[in-house]
Amino acid sequence: MFVPFLDLKAQLENIRGEITAALEGVLADCAFVSGPAVSAFEESFAEFCGVRYAVGLGSGTSALWASLLALDVGPGDEVITVPNTFIATAEAVSKTGARPVFVDVRPDTACMDPELLESVITEKTKAIIPVHLYGRPADMDPIMEIARAYRLHVIEDACQAHGALYKGKRAGSIADAGCFSFYPGKNLGAYGEAGAVVTNDEALYRKIRLFRDHGQPEKYRHEMIGWNDRMDGFQGAVLRTKLKYLPLWNEARRSHAEAYAGLLSDCPGIDLPVESPLCRHVYHIFAVRTEFRDDLLRDLQAKGVQCGIHYPVPIHLQKAYRFLNLPRGSYPVAESWADTTLSLPMYPELKEEQIRHTAEAIMDFPAERGKPMSAARGKASRV
Ligand SMILES: *Cc1c(COP(=O)(O)O)cnc(C)c1O
C-alpha cells in the first residue's frame with residue numbers, strides 16, 4: 001500500500017465540477033488580477049474568521065511582510081518570533097529591515113512559550129509573531145497580555161491554522177493582524193500562490209490594501225511606496241469555492257488525528273500531539289515525536305509511507321541566519337523538536353486503511369536491538 005504525505009488530486013476529483021465552473025467565471029469576466037472573485041473571497045473569509053476585514057495578497061510570506069510594514073516595523077526594530085517555523089516568518093521580519101529575535105517554544109506544543117517572552121523584550125522590540133504551528137493555536141492570552149503591557153504589536157502567523165480555534169476565537173482574529181497562506185498544501189489551498197491578512201483594524205486594512213497595489217487608491221495616484229502583491233482572480237475563485245468545505249475538511253483531519261492516536265497510544269517510542277480543551281487544533285500537520293526519527297522515517301519510506309519533517313533545521317541554525325551568531329544550544333526546546341519531530345500523512349481524503357497501514361508500519365519498526373517499536377522500552381525522551 002502507498003500512503004502519500006499529501007494527495008491534492010483526491011481533493012480536486014471531489015470538487016472538480018465546481019472548480020471548473022468557478023474558473024470559467026473568471027474567464028468570462030477576464031478579471032485575472034483582483035476583481036470580483038477576489039473581493040467575494042475576501043468577504044467570505046473575513047466572515048469565516050470572525051473579523052471585519054480580509055485583504056487577499058500574493059502569498060503568506062507577503063501577508064507577514066505587508067502586516068509588519070503597515071505597523072511601521074523597520075530598520076532598528078526587533079520582532080520576536082520562534083525558531084521552529086517555516087523560514088518565511090523570519091524572512092518577512094528581515095525584509096522590513098528589522099531583526100528577528102527568537103524565543104523558545106513549549107515542549108508540549110512546539111508553540112511560543114509565553115513564560116520566556118519578557119526575557120527577550122528590549123527597548124527595540126516592536127512586535128511579536130506567534131506561530132500557530134501545525135494548526136494548533138499558540139497560547140494567545142498571556143502573549144496579548146504581555147504585548148499590551150509593553151505596547152507591542154502582535155501578528156499571528158496563522159499560515160497553518162485556517163479554522164483553528166483558541167478559546168472559541170478563530171486563529172488569526174485575536175491579535176492586530178492574522179496572516180494566512182493559501183499555498184496548495186495548506187488546509188485551505190489555492191491552485192497557485194496566494195495569501196491574506198485578516199484584521200479588525202480599519203487603518204491597518206486600508207494600509208495593506210494600498211500596499212498591495214503600488215500605494216494607489218485610484219489609478220496612477222500613488223500615496224505611498226507600495227508593491228505589486230495582489231491576489232489573482234483564479235486563486236480568489238478557487239479559494240471561495242473551497243472555503244465552504246473547510247469546516248468539513250478540518251473535521252476529517254481531526255478525526256484522522258483521533259484514529260492515529262487510538263492506534264498509536266500504546267506505542268512506547270512515540271509521543272503523540274497533545275489535545276487541549278482550550279484549543280481546536282486543525283492538524284495541518286500531524287507531528288509525532290520519537291528519538292528514532294531518522295531511522296523510522298527511512299523505514300516508513302521503504303514501506304510506502306511518505307512522511308515529512310517540519311522543520312529539520314531551526315531558523316537560528318540556518319546558513320541564511322548565521323549572521324545572528326546564535327549557536328546550537330540557544331533554543332534547546334526548538335532544537336529538540338527539530339531532532340525528534342516526524343510528520344505523518346495527513347489530509348482530509350486520507351483513508352482509514354492508510355492510517356491503519358501507517359500505524360502498523362510504525363509499530364513494526366525495529367527500534368531497539370531488532371525489537372519492534374511497540375516493544376521498545378520507555379517513552380521518547382522529552383526535552
Ligand atoms: C506556509 C507558511 C508561510 C508562508 O506562506 P507562503 O504562502 O508559502 O508564502 C509562513 N509561515 C508559515 C508558518 C507557513 O507554514
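Q: Why is the meeting of the Arg 16 and Glu 13 side chains called a salt bridge?
A: In this predicted model, the N to O distance between the two side chains is 2.8 Å. The cut-off is 4 Å between a side-chain nitrogen of Lys or Arg and a carboxyl oxygen of Asp or Glu. The value falls within it, so the pair counts as a salt bridge. The structure holds 16 salt bridges.

Q: Where do Arg 16 and Glu 13 lie along the chain?
A: Both sit in helix α1, residues 8-29. They are three residues apart, about one turn of the helix.

Q: What makes the pair formed by Gln 160 and the ligand a polar contact?
A: An N or O atom in the Gln 160 side chain is 2.8 Å from an oxygen atom of the ligand. A polar contact needs a pair of N or O atoms within 3.5 Å, so this pair qualifies.

Q: How do you know that Lys 186 and Asp 157 also make polar contacts with the ligand?
A: Set each distance against the 3.5 Å limit. For Lys 186, a side-chain N or O atom is 3.0 Å from a ligand oxygen. For Asp 157, a polar side-chain atom lies 2.9 Å from a ligand nitrogen. Both values are within the limit, so both pairs count.

Q: How much of the ligand does the protein cover?
A: On its own, the ligand has 380 Å² of accessible area. The protein covers 93% of that. The space taken by the ligand is the largest pocket.

Q: Which residues surround the ligand most closely?
A: The shell has 16 residues, and the closest are Gly 60, Thr 61, Gln 160, Ser 181 and Lys 186. By class, the shell divides into seven nonpolar, seven polar and two charged residues.

Q: Which helices each supply at least two residues of that shell?
A: They are α3 (60-70) and α4 (88-95). The largest share, three residues, comes from α3.

Q: What makes the phi of Ser 34 and of Arg 151 notable?
A: Most residues other than glycine have a negative phi. Ser 34 is not a glycine, yet its phi is positive, about 55°. Arg 151, not a glycine either, has a positive phi of about 55°. Ser 34 is in the loop between α1 and α2 (36-49). Arg 151 is in the loop between α6 (140-150) and β5 (153-157).

Q: How do you know that the peptide bond from His 310 to Tyr 311 is cis?
A: Its omega is near 5°. Most peptide bonds are trans. Tyr 311 lies in the loop between α10 (293-302) and α11 (332-340).

Technical notes
Residues numbered from 1 in each chain as written. Predicted model: local features only at pLDDT ≥ 70, side-chain atom pairs only at ≥ 80, totals over all residues. Heavy atoms only, no water. Near = heavy atom within 4 Å. Polar contact = N/O pair within 3.5 Å; in protein donor to acceptor, adjacent residues only side chain to side chain. Areas by Shrake-Rupley, 256 points an atom, 1.4 Å probe, with all protein chains shown as cover. 1 Å grid on protein atoms, 1.4 Å probe; cavity = no way out; pocket = protein on both sides within 12 Å on 5 of 7 lines; lining within 4 Å. Sits in = over half its atoms within 2 Å of the grid points. Helix = DSSP H or I, 4+ residues; strand = E, 2+ residues; numbered from the N terminus. Nonpolar A, V, L, I, M, F, W, Y, C, P; charged D, E, K, R; others polar.
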